[in-house]
Amino acid sequence: MSTTFPAQVQLTEAELKLLQTLVYQECGMYFDDRRTHFLRDRLQRRLKACQMDSFYSYYRLLTSREGKQELVALLENLTVNETSFFRIRPQLELFQKVVLEEILKRKQERRDWSLRIWSAGCSTGQEPYTLAILVCDALAYYYLRNPLPFDMPTPKPLIPPPWRVEILASDINYSALLAAQQGLYTESQMEPVDYTCRLRYFDKAADKYAVKQMLKGMVQFDFHNLKTEFLPQNNDVIFCRNVMIYFDEAEQKRLIEKFHRCLNPGGHLFVGHAESLFGLTTKFHMIHENNATVYQRLEGAQ
Ligand SMILES: C[S@@+](CC[C@H](N)C(=O)[O-])C[C@H]1O[C@@H](n2cnc3c(N)ncnc32)[C@H](O)[C@@H]1O
């Protein structure tokens, strides 16, 4: 006997509230009045995919042990994964020419050769690979001007020894992480990448561009939900761009507190162009240069 499901199942206000609250509790994403139509649409799609005919039963599924996988699928459907290589260039210039330059100088003086950067909410990988490229170029240029007092191996490695560079890239969306890990990009996704950069860091694979193994090796992809307390520590720089925009103010404040704890003393936090820490914290100092902003962790702040 075949069962037929209505094209649209009615979603009551009470059911919407339950599901909205569940999503907020699970990942921090807040769907205010302007975005409930998007939430409604995605919920209808998931209900259909699960072949269910009641949103209350769907809610019960999501909150059950058997529903863990469906919860992951729902959250994946609710995330916005828009991203690109070299997104917001003035900010990346501030990172490479000012922040990174200062970190390299300060660390070299202390004989500390480790650098750790975290791309939180990395989507399909363009942001962390951009950061890896910027770090490689910055290190090469830095040592062109300030040669190290020992011989460089030939051929020159991307990261001059004894430096150890770790770029951690995390997201809540497994499909996006998988694509990021594959590191294959179409011609249109590569549009912001100039040809010298393509030559140095990409191989051509059929009609796509593949991130070169050496660059890929610098980036470690992992699942991290920013809603949780267990987040990667000891970072020199955190990029969390275009993620907080989907959170409400209370969740933004909690996240900024966590980032403060996840940064090394004097560490830097970059947020999206449309995002700001204004009014959310007193624990960061704002640096604004050439049309770009970065926030530096203040020490001794309560
Ligand atoms: C619009 S993309 C931004 C990508 C990149 N940072 C950029 O600016 O180009 C937002 C990303 O944040 C992720 N995200 C949303 N909520 C999250 C959470 N609670 N934990 C981790 N990642 C989350 C989404 O899956 C999505 O890939």
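Q: How do the residues of the shell around the ligand divide into nonpolar, polar and charged?
A: First, some ground rules: this is a predicted model, in which local features need pLDDT of at least 70 and side-chain atom pairs count only at pLDDT 80 or more, while totals for chains, interfaces and linings use all residues. Residues are numbered from 1 along each chain as its sequence is written, and side-chain values use heavy atoms, leaving out hydrogens and water. Here Ala, Val, Leu, Ile, Met, Phe, Trp, Tyr, Cys and Pro count as nonpolar, Asp, Glu, Lys and Arg as charged, and the others, Gly among them, as polar. Sorted that way, the shell has six nonpolar, nine polar and five charged residues.

Q: Of the 20 residues around the ligand, which come nearest?
A: A residue makes this list if one of its heavy atoms lies within 4 Å of the ligand. Of those 20, the nearest are T83, R87, G121, D171 and N242.

Q: How much of the ligand's accessible area does the protein cover?
A: Let's start with the contacts: a nitrogen atom of the ligand is 2.8 Å from a polar backbone atom of C27, and a ligand nitrogen is also 2.8 Å from one of G121. A polar side-chain atom of E127 lies 3.2 Å from a ligand nitrogen. On its own the ligand has 610 Å² of accessible area (Shrake-Rupley method, 1.4 Å probe), and the protein covers 99%.

Q: Is E127 buried or exposed?
A: E127 is part of helix α6, residues 126–145 (helices are DSSP runs of H or I, at least four residues, numbered from the N terminus). Its relative accessible area is 6%, and buried means under 20%, exposed over 50%, partly exposed in between (1.4 Å probe, protein chains only). So E127 is buried.

Q: Which residues does a cis peptide bond join?
A: Most peptide bonds are trans. Here, though, one has an omega of about 5°. That cis bond joins P161 and P162.

Q: What is the relative accessible area of I88?
A: I88 is found in the loop between α4 (68–78) and α5 (89–109). Most residues other than glycine have a negative phi. I88 is not a glycine, yet its phi is positive, about 60°. This residue is partly exposed, because its relative accessible area is 28%.

Q: How far apart are the C-alpha atoms of P155 and P128?
A: P155 is exposed, with a relative accessible area of 74%. Along the chain, P155 and P128 are 27 residues apart. Their C-alpha atoms are separated by 25 Å.

Note on methods: A polar contact is a pair of N or O atoms within 3.5 Å; within protein, one must be able to donate a hydrogen and the other to accept it, and residues adjacent in sequence count only if both atoms are side-chain atoms. Helices (H or I, at least four residues) and strands (E, at least two) are DSSP runs, numbered from the N terminus.
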